[in-house]
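Here are some short exercises on how side chains meet inside a folded protein. Try each task with the structure open, then read the solution step by step.

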Amino acid sequence: MNDLFDRLKRVFDDGHGEEMPGLLTDQAFADPSPRPAAVLVPVTQRERPGVILTQRPRDMRSHPGQVAFPGGKLDAGENAVEAALREAHEELAMPPDTVRIVGASDEYVTGTGFAVTPVLGVIPPDLPLVPNPGEVESWFEVPLDILFDAANYGSNTVTWKGAERTYFEMEYDGYRIWGVTAAIIANLQRRMRLTELFET
């Protein structure tokens, strides 16, 4: 099997080398000046690659109990990659120097006022991750081929801020992956042609 990083880098660059109309966004619901933020999409280097996700504590004031990628707001002077690595270290004790950065993807504007840049990276398998209890209740790993298969997601439509909004969701091992996290995954699905990664 070719190196996972090289394969992901190839499909990432190919998929981001063209215009992609119709990517998901909550721009219509957002503040006119969203705050910059970033998340890390960490893919584990193993025979069947996985993706690390976190669940926020259920007693948090904002988005309690939601599944998310490690990430948060950019600090002054940071770019998206630096912020994503810092947040992954703060939330999971993931050493920044273990992450091989594939690239930064399309900004996703949330209805809560953030412009989130997803940063794709490859990490060694079985890192001794330690959740920060103030930010992470638990973490889990989903096989990449399951997470990036659109057939595994259902959709729901709700009325939000006076307009209809459709969101995607998937259940995995007792976790509900939905909302902004599922939308970021859906946009990456469209950008990247991953079939070759799943061939044995």
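## Exercise 1: Charged partners

In this predicted model, the count of salt bridges comes to eleven.

**Task.** Find the salt bridge between lysine 9 and aspartate 13, and say where both residues lie.

**Solution.**
- Step 1: Look at the distance. The closest N and O atoms of lysine 9 and aspartate 13 are 3.6 Å apart, and a salt bridge needs such atoms within 4 Å, so the pair qualifies.
- Step 2: Place the pair. Both residues belong to helix H1 (residues 4-15). They are four residues apart, about one turn of the helix.
- Step 3: Check accessibility. Lysine 9 has a relative accessible area of 30%, so lysine 9 is partly exposed. Aspartate 13, with 38%, is partly exposed as well.

## Exercise 2: A shared partner

**Task.** Which side chain does arginine 86 meet in a salt bridge at 3.4 Å, and which at 3.2 Å?

**Solution.**
- Step 1: At 3.4 Å, N to O, the partner of arginine 86 is aspartate 75. This pair links distant parts of the chain: arginine 86 is in helix H2 (residues 80-92), while aspartate 75 is in the loop between strand E4 (71-73) and H2. The two are eleven residues apart.
- Step 2: At 3.2 Å, N to O, the partner of arginine 86 is glutamate 87.
- Step 3: Compare with the cut-off for buried, which is under 20% relative accessible area. Arginine 86 has 18% and is buried; aspartate 75 has 41% and is partly exposed; glutamate 87 has 8% and is buried.
- Step 4: Put the pieces together. Asp75, Glu78, Arg86, Glu87 and Glu90 form one network, joined by salt bridges that share partners.

## Exercise 3: The nonpolar core

**Task.** Which residues of the largest nonpolar core touch the most other members?

**Solution.**
- Step 1: Start from a general idea: in soluble globular proteins, nonpolar side chains tend to be buried together.
- Step 2: The largest core has 35 residues, and the ones that touch the most other members are Leu8, Leu53, Phe69, Leu147, Ile177 and Met192.
- Step 3: Several elements each supply at least two residues of this core, among them H1, strand E1 (35-44), strand E2 (50-55) and helix H4 (179-191).
- Step 4: Zoom in on leucine 147. Leaving aside residues up to four places away in sequence, leucine 147 touches Val51, Leu53, Val142, Tyr153, Met170, Ile177, Ile185 and Gln189.
- Step 5: Now look elsewhere. A second, separate core has 16 residues, including Ala38, Ile52, Ala88 and Leu127.

## Exercise 4: Rings and charges

**Task.** How many aromatic pairs are there? Is the pair of phenylalanine 140 and tyrosine 175 stacked or edge-to-face?

**Solution.**
- Step 1: The count is two aromatic pairs.
- Step 2: Phenylalanine 140 and tyrosine 175 lie 3.7 Å apart, centre to centre, with 5 degrees between the planes, and the pair is stacked. Phenylalanine 140 is in strand E8 and tyrosine 175 in strand E11, so the pair ties together parts that are 35 residues apart in sequence. Both residues are buried.
- Step 3: Tyrosine 167 and tryptophan 178 are edge-to-face, at 5.3 Å centre to centre and 65 degrees between the planes. Tyrosine 167 is buried, at 12%, whereas tryptophan 178 is partly exposed, at 22%.
- Step 4: Finish with charges over rings. Arginine 176 lies over the face of tryptophan 178, 4.1 Å from the ring centre. The charged end of arginine 100 sits over the ring of phenylalanine 5, at 4.1 Å from its centre.

Key: Residues numbered from 1 in each chain as written. Predicted model: local features only at pLDDT ≥ 70, side-chain atom pairs only at ≥ 80, totals over all residues. Heavy atoms only, no water. Buried < 20%, exposed > 50% of the residue type's maximum accessible area, 1.4 Å probe, protein only. Core = buried A, V, L, I, M, F, W, Y, C linked by side-chain atoms within 4.5 Å. Contact = heavy atoms within 4.5 Å. Phe/Tyr/Trp six-rings, centres within 6.5 Å; stacked < 30°, edge-to-face > 60°. Lys NZ or Arg CZ within 6 Å of the ring centre and 35° of its normal.
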